Structure formats: structure tokens, C-alpha cells
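Biologist: Could you take me through the aromatic rings in this one, and the nonpolar core around them? I'm new to this, so please spell out the terms.

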Amino acid sequence: MKKRAVFLIAVILCLSLAACSKAPEPDQDPQETHTEGTKTESAAQVQSIDLVGPWHLDSEKNDLDAFADSLDRFPGYGEWGAGMEIQSDGHMNWYIGAAGGSGTYTIEDTLLHAALVNDMDQTDLTIDFRILAENENAELAMDYQGMTIYWVYGSQEDAPADGKEESQDAAGYPGADVVSIVNLRGDETTIYKLADGTYMDRAEHHFTYNGTDTWTDEAGAEWNEVAKD
């Protein structure tokens with residue numbers, strides 16, 4: 001009888017030690033697990049977006065009328081509109097009226113880091129674009145001059161806020177709407193076609209196009225399109 005009691009006590013001790021040695025599993029918040037999964041899926045969706053190509057302002061999220069009224073931020077927007085292009089070779093450019101810049105970019109997770117040169121004063125301009133994916137549509141958000149500006153993918157032209165369909169009026173004239181040109185001294189500028197078929201840069205210098213390959217400025221100097229790599 002005594003042996004049986006000792007045996008039972010030994011069994012009980014073994015079971016107790018086994019239960020104690022098993023480390024308790026930490027509690028995991030189901031909401032936290034869902035959030036992490038959502039973040040992972042969102043990042044994967046963003047990283048799958050091809051950003052190369054033309055972009056235009058989101059007319060629903062941006063107050064385009066305010067752009068024309070804000071002459072200190074976006075001078076010339078009512079005349080030139082806005083646009084952006086991201087190239088596959090790591091270069092990009094954007095403009096809203098006379099404001100904007102061109103340079104290079106890199107992509108890290110859900111951010112596009114742009115290292116640009118300001119078109120107006122040639123100073124460095126660094127901007128981080130947040131890459132968004134809403135309803136399967138690609139979108140970029142940038143913070144500039146105290147505003148958050150939204151861009152959507154596509155080549156749609158934004159009509160100037162004064163209602164002039166400038167790009168359509170100028171469509172009957174030869175030449176591209178936006179051209180980078182260079183003169184014999186090596187000076188470069190970007191010019192934009194106006195409704196009358198002439199061109200203007202952001203410094204409000206006027207150019208006349210001969211219809212083939214030469215633009216002439218107000219001083220009579222000739223310019224040609226910058227050779228593309």
C-alpha cells in the first residue's frame with residue numbers, strides 16, 4: 001500500500017513539473033495582427049504600382065481655383081496649368097505654373113524621394129512624394145508651400161482655372177506643348193505653347209517657332225530642342 005502511495009505521488013510531481021516547464025504563450029491582440037496584415041498588404045500594393053509616365057493634378061482633392069489665386073505659390077498657373085513626368089531612367093520633373101523643378105528620384109517603400117533643382121531660382125528642391133493606392137488608382141501626395149498637393153496618374157490636361165482650354169486652342173499649331181530647348185551658348189530653358197502658337201518660358205520670355213526645328217527668342221537668338229538621351 002505504501003509503495004502504491006509513493007508511486008502516485010511521483011506521478012503527480014512529474015505532471016506538475018511538466019506543466020510548469022511549459023512557457024506560457026504571450027497574448028496577441030487580434031486587432032494588432034489585423035493592422036500588421038493590412039500594412040503589409042498596403043505596402044505590397046504600393047510597391048507593385050508602376051509610377052513611370054505622365055501625371056496631372058487631382059481635380060477632386062485639390063482646389064484648382066485656389067492655385068490660380070495664389071500668385072505667390074503658383075504664378076502662371078492660370079496660363080500654363082500643371083503637369084508631371086516620371087521617367088524610367090530615374091529622372092522626373094513637375095510644374096504648377098512657374099513653380100516646379102526637375103532632377104532625379106529614388107523609391108523606398110511607400111515614398112518617392114525627389115532631388116530636384118528649382119526651375120525659378122535654380123536652388124535645390126527636395127520633396128518626398130507619398131505613394132498612395134486608392135481604388136486601384138495610383139496617386140502621389142506632396143507637401144509644398146504649406147499645402148498637400150495630390151497627383152493622379154495619366155496624361156489628362158488640367159484646364160487653367162480661368163476656364164481657357166489653352167491646350168485645345170493651341171492644338172492646331174505645330175510643335176509640342178512643352179519643349180526643353182538650348183541656344184548656342186549652352187543656355188537651357190523649358191518653354192510652353194500658348195493659345196496663339198507662340199511659346200513662353202517661366203521667366204515670361206517669348207519664343208517663335210519656325211515649324212520645324214528652331215525657336216527664336218525676343219532678341220533674335222535661335223534655340224533648338226535639347227537632344228534626348
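Modeller: Sure, let's go from the ring pairs to the cores. This is a predicted model, so local features need pLDDT of at least 70 and side-chain atom pairs count only at pLDDT 80 or more, while totals for chains, interfaces and linings use all residues. Residues are numbered from 1 along each chain as its sequence is written, and side-chain values use heavy atoms, with hydrogens and water left out.

Searching the whole structure turns up nine aromatic pairs (rings of Phe, Tyr and Trp, using the six-membered ring of Trp, with centres within 6.5 Å; planes under 30 degrees apart are stacked, over 60 edge-to-face, the rest tilted). One of them is Tyr-199 with Trp-215, an edge-to-face pair at 5.9 Å centre to centre and 90 degrees between the planes. Tyr-199 is buried at 0% relative accessibility, and Trp-215 is buried too, at 3% (buried means under 20% relative accessible area, exposed over 50%, partly exposed in between, with a 1.4 Å probe and protein chains only).

Elsewhere, ring pairs join Phe-74, Trp-94, Tyr-144 and Trp-151 into a cluster. Trp-94 and Trp-151 come up again in the largest nonpolar core, which has 30 residues: along with Ile-96, Phe-129 and Ile-149, they touch the most other members. Such a core is a set of buried Ala, Val, Leu, Ile, Met, Phe, Trp, Tyr and Cys residues joined through side-chain atoms within 4.5 Å. A second, separate core has eight residues, including Ile-181, Ile-191, Tyr-209 and Trp-223. In soluble globular proteins, nonpolar side chains tend to be buried together.
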